Amino acid sequence: MQRRTTLARFCAAAATLAVSASLHAQETIKIGLLLPMTGQQASTGRQIDAAVKLYMAQNGNMVAGKKVEIIVKDDAAEPNNTRRLAQELIVNDKVVALAGFGITPTAMATAPIATQSKTPMVVMAAATSAITEASPFVVRTSFTLPQAAVSIAEWANQNKIKKVVTLVSDYAPGIDAEKYFADRIVLNGGTVVDKLRTPLRAPDFAPVLQKVRDASPEALFVFLPSGQGAAFMKQFAERGLDKAGIRLIGTGDITDDDQLNDMGDVALGVVTSHHYSANHKSPANEKFVAAFKKANNNMRPNFMGVGGYDGIRVIMEGLKASKGVGGEALLAAMKGQIFESPRGPVLIDAQTRDVVQDIYIRKVEKVGGELHNVEFDVQKAVKDPGKSK
Ligand code: PHB
């Protein structure tokens with residue numbers, strides 16, 4: 001009898017513990033952050049991770065009386081890893097949202113899982129136009145290559161640049177950049193004399209740079225994913241192309257703020273179009289850059305960092321509105337958000353779930369002894385041209 005009472009008490013206690021553990025679990029809202037923390041794209045992971053941590057430190061981690069926990073997983077920019085980790089985060093950790101996605105293939109691999117599980121998926125980095133169409137649960141806070149590429153093509157036309165060569169990384173965002181840049185150049189009466197591509201993994205710029213020299217265009221347009229700009233600039237200079245009268249232009253990925261200061265004088269005068277420069281003049285950005293550098297051993301935020309900072313903002317504000325509920329309620333609360341980002345004004349288009357933002361034309365200049373992308377022109381509220389097909 002005595003033993004049975006003890007056993008009954010134990011069972012009751014265990015049951016109480018189990019209930020309180022599950023209550024406790026429900027008190028935590030989890031967000032899965034899938035990032036390339038190692039490998040060729042590691043600078044993207046480092047930037048986004050730092051930016052998300054900064055946002056949480058500045059704004060607190062409580063929503064609807066519950067603690068928000070961010071679970072960071074390293075996918076090393078391998079789509080198979082991303083897909084597997086996304087499944088684990090949904091099934092085991094019961095995350096309310098997935099976020100990150102350093103390159104297009106990792107975002108594309110995860111989109112069907114977001115659809116099946118009705119889990120919102122916030123793309124903070126990848127920038128191929130079609131990603132938002134791969135799942136109705138995708139929301140994007142980075143940019144699109146068509147957004148950036150059309151603006152620099154317009155600038156080239158205004159500056160009487162007619163004969164160009166394009167050089168892009170040979171995968172989806174590169175194909176977007178090449179197409180939208182080249183189409184606009186041709187529309188404005190210019191000529192694209194060669195279209196060159198380099199592999200995403202271990203690119204070798206030597207053979208393509210020789211072709212650029214042979215074609216002797218007025219300008220070379222380049223898109224390379226964040227992290228490859230410095231190596232490219234070095235070879236561009238080593239081959240004397242900077243002295244051969246060929247203007248280097250591109251999307252801002254090649255003058256990435258994370259690496260720009262190490263690129264040296266070859267980068268001076270390079271004109272690019274992009275949605276973010278660490279040098280952007282606004283009180284919101286000056287505050288962001290100072291806080292980011294302070295928290296990260298003086299590392300300068302780049303466009304990936306700002307995509308992460310704004311992405312976690314969109315999720316946290318969405319969760320506040322949905323009272324901590326994920327799924328379709330969270331998705332609905334993310335659509336249509338308007339806010340002042342360090343990059344300038346931003347809208348999450350409720351129809352396309354893509355980011356509408358200002359695109360700046362910038363030139364690399366020395367400011368206070370450091371290289372910066374100095375903005376000198378702007379196109380306001382640019383929607384992704386890839387959506388108007
Ligand atoms: C992409 O894979 O979509 C991507 C990666 C890095 C960039 C831009 C686009 O800088």
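How far is an oxygen atom of the ligand from an N or O atom in the side chain of Thr104? The distance is 2.5 Å, a polar contact (a pair of N or O atoms within 3.5 Å).

Colleagues, this is a predicted model, in which local features need pLDDT of at least 70 and side-chain atom pairs pLDDT 80 or more, while totals for chains, interfaces and linings use all residues. Residues are numbered from 1 along each chain as its sequence is written, and side-chain values use heavy atoms, without hydrogens and water.

Let me continue with the ligand. A polar side-chain atom of Tyr171 lies 2.6 Å from a ligand oxygen atom, and a polar backbone atom of Ala127 is 2.8 Å from an oxygen atom of the ligand. Of the ligand's own 280 Å² of accessible area, the protein covers 100% (Shrake-Rupley method, 1.4 Å probe).

The surrounding shell holds 14 residues, each with a heavy atom within 4 Å of the ligand. Thr104, Ala127, Tyr171, Ser226 and Asp253 come nearest. By class, nine residues of the shell are nonpolar, four polar and one charged.

I turn now to the whole chain. Its C-alpha trace spans about 95 × 40 × 35 Å along the principal axes. The radius of gyration is 23 Å, which agrees with the value near 21 Å for a compact globule of 389 residues (taken over C-alpha atoms; the rule is 2.2 Å times the number of residues to the power 0.38).

Terms used:
Polar contact = N/O pair within 3.5 Å; in protein donor to acceptor, adjacent residues only side chain to side chain. Nonpolar A, V, L, I, M, F, W, Y, C, P; charged D, E, K, R; others polar.
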